[in-house]
Amino acid sequence: SRASRKRECRIMATVSVCQYHRGGFSFENCKRNALLEADINKLGFSSPAARKTGTTICGVVYKDGVVLGADTRATEGMVVADKNCSKIHYISPNVYCCGAGTAADTEMTTQIISSNLELHSLSTGRLPRVATANRMLKQMLFRYQGYIGAALVLGGVDCTGPHLYSIYPHGSTDKLPYVTMGSGSLAAMAVFEDRYRPNMEEEEAKRLVRDAIAAGIFNDLGSGSNIDLCVITKGKVDYLRPHDVANKKGVRTGNYRYKHGTTGVLAKTVTPLNLEVVEENVQTMDTS
Amino acid sequence: MKEYHYTGPVEHKFSPYAFNGGTVLAVAGEDFALVASDTRLSEGYSIHSRDSPKCYKLTDTTVIGCSGFHGDCLTLTKIIEARLKMYKHSNNKNMTSGAIAAMLSTILYGRRFFPYYVYNIIGGLDEEGRGAVYSFDPVGSYQRDTYKAGGSASAMLQPLLDNQIGFKNMENVEQVPLSLEKAVQLVKDVFISAAERDVYTGDALKICIITKEGVREEIVPLRKD
């Protein structure tokens, strides 16, 4: 009857208020951000920039597999945000990926593809191939038309041999024996173009990648700190972090610890919390 | 919302300025002054030189540190040196630190509408032999300080100096005046920290120590990445 239908409509109205958030990007904040940015610019400030890795990453194919290398500096504008960040990301047990560009983009993109590749590998019952990871990454990046600022060096060894790809933010890829990406890519490529040979031995390949990243670290302001290496061969992965501590933290001679009572205490209130300690675990802070 | 359409060929205006990085620092003590600077000259993401100090000796009692646009730093120091010579020839004596500071202010303001893109800090001894620091902005506003940091890492160094030399935000601390050894050690430590986090600061640190004996230099290596 009419009365019961009215009751139904009221119930439907309350359900539609809570929108179930489906996956993918949420663009809810774009309008708000645009207004905020206009207001901030009027006051003369600039809105915070996304943290980029301003990086040097590279890869080389040698006799038994691939060697990937990366520096460890993350910058926020021209200030160092992280002195020892990890830029070589896990994709699958036999495939790793270095990332340059916007830090959040490289982190999330590699995690998404790693997850999808694991599911794919369980479905096929086979070890994943590098070409599959490449295809998944380029199709995702092209879909976002370059808005995901991730420039990647993908390398690994599968049943068809060692492979190395470079992947650009707009979705193009190159399959090459040696590649470099990031703000220090020119410095690293200069080293590669001088000393690369096909079918190098492992030690020579590691030295070449180490020297290429070092060229980026010392000659590019966006790269710095240490050199991480990842050596992938058939059946074995050597994740060397750090492989070379190219820059030690400067040693300060003075002691800058404060004595107790240096900070003035204006007021003190103690509120006891009656809690029961169930589990205790200690995580040390990285004070390097 | 920013529009990202391709609008056709865009004309980029020529900029007469470039930013060459670098940090300068000056500290005044009871009977000494220090002027320190890093020696890295950079542009964009590249390094032009690892050995380009930003302290320039003007007289036996005054050193100036200039950072910002290197072209303007060079021209400005040439002009200052010429004016010092002119003063010496007209007045038969060297310019005092205070006089150099006042003169620099007028030189900078003379270019008020096309400024020298330089952050200057003068360190030296005043007429009574006490340490003096004068800090400037690009158009000539200046004041006498006890300590000042300028250049790319100035925002990182200045709060640390406020705390360690000015004893700001600390209670129950013995406000002992700064000795030369402690000041030099502090300056070295402060630059080591700046080189960790500022990409434009690094390579080497040059400290000019001004006492009544004259100007002495010390060079300390910094991070090169």
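Helices α1(B) and α2(B) are oblique to each other, because an angle that falls outside the parallel, antiparallel and perpendicular ranges counts as oblique. In this predicted model, the two axes come within 11 Å and cross at roughly 130 degrees. Helix α2 of chain B covers residues 97–110, and α1 of chain B covers residues 70–91. As for handedness, the crossing of α1(B) and α2(B) is right-handed.

Chain A has a helix pair to set beside this one. Here α3 (residues 103–124) and α4 (residues 130–143) of chain A have axes that come within 10 Å and cross at roughly 130 degrees. That makes α3(A) and α4(A) oblique to each other as well, and α3(A) passes α4(A) in a right-handed crossing.

Back in chain B, helix α1 also turns up in the walls of an enclosed space. The count of cavities of 30 Å³ or more comes to one, and the largest cavity holds about 30 Å³ of space. Its lining is made up of B:G21, B:L41, B:K54, B:C66, B:S67, B:G68, B:H70 and B:C73. Two elements of chain B, β6 (62–68) and α1 (70–91), each supply at least two of these lining residues. Strand β6(B) gives the most, with three residues. Sorted by class, the lining of the largest cavity comes out as three nonpolar, four polar and one charged.

Open space is a separate matter. The second largest pocket has a volume of about 520 Å³ and a lining of 21 residues. Nearest the centre of this pocket lie B:Q164, B:F167, B:M170, B:V173 and B:K182. Helices α3 and α4 of chain B each contribute at least two residues to the lining, and α4(B) gives the most, with three. By class, the lining of the second largest pocket splits into nine nonpolar, eight polar and four charged residues.

One of those central residues, B:F167, has a backbone quirk of its own. Its phi is near 55 degrees, a positive value in a residue other than glycine. B:F167 sits in the loop between α3 (154–164) and α4 (180–197) of chain B, and those two helices each supply at least two residues of the pocket lining. The relative accessible area of B:F167 is 18%, so this residue is buried, the cut-off being under 20%.

A second positive phi in a residue other than glycine belongs to B:D203, with a value near 70 degrees. The residue lies in the loop between α4 and β11 (204–211) of chain B. With a relative accessible area of 2%, B:D203 is buried. Helix α4 of chain B thus borders the loop of B:D203 and also borders the loop of B:F167.

The remaining backbone feature is in chain A. A cis peptide bond joins A:R241 and A:P242, where omega is about 0 degrees. The proline of this pair, A:P242, is part of strand β12 of chain A, which takes in residues 236–244.

Note on methods. Residues numbered from 1 in each chain as written. Chains lettered and ligands numbered in written order. Predicted model: local features only at pLDDT ≥ 70, side-chain atom pairs only at ≥ 80, totals over all residues. Heavy atoms only, no water. 1 Å grid on protein atoms, 1.4 Å probe; cavity = no way out; pocket = protein on both sides within 12 Å on 5 of 7 lines; lining within 4 Å. Points joined across faces, edges and corners; volume = space filled by probe spheres on them. Helix = DSSP H or I, 4+ residues; strand = E, 2+ residues; numbered from the N terminus. Nonpolar A, V, L, I, M, F, W, Y, C, P; charged D, E, K, R; others polar. Buried < 20%, exposed > 50% of the residue type's maximum accessible area, 1.4 Å probe, protein only. Axes fitted to C-alpha atoms, helices over the stretch in contact; angles between N-to-C directions. Parallel < 35°, antiparallel > 145°, perpendicular 65-115°, else oblique. Left-handed = near helix turned anticlockwise from the far one by under 90°.
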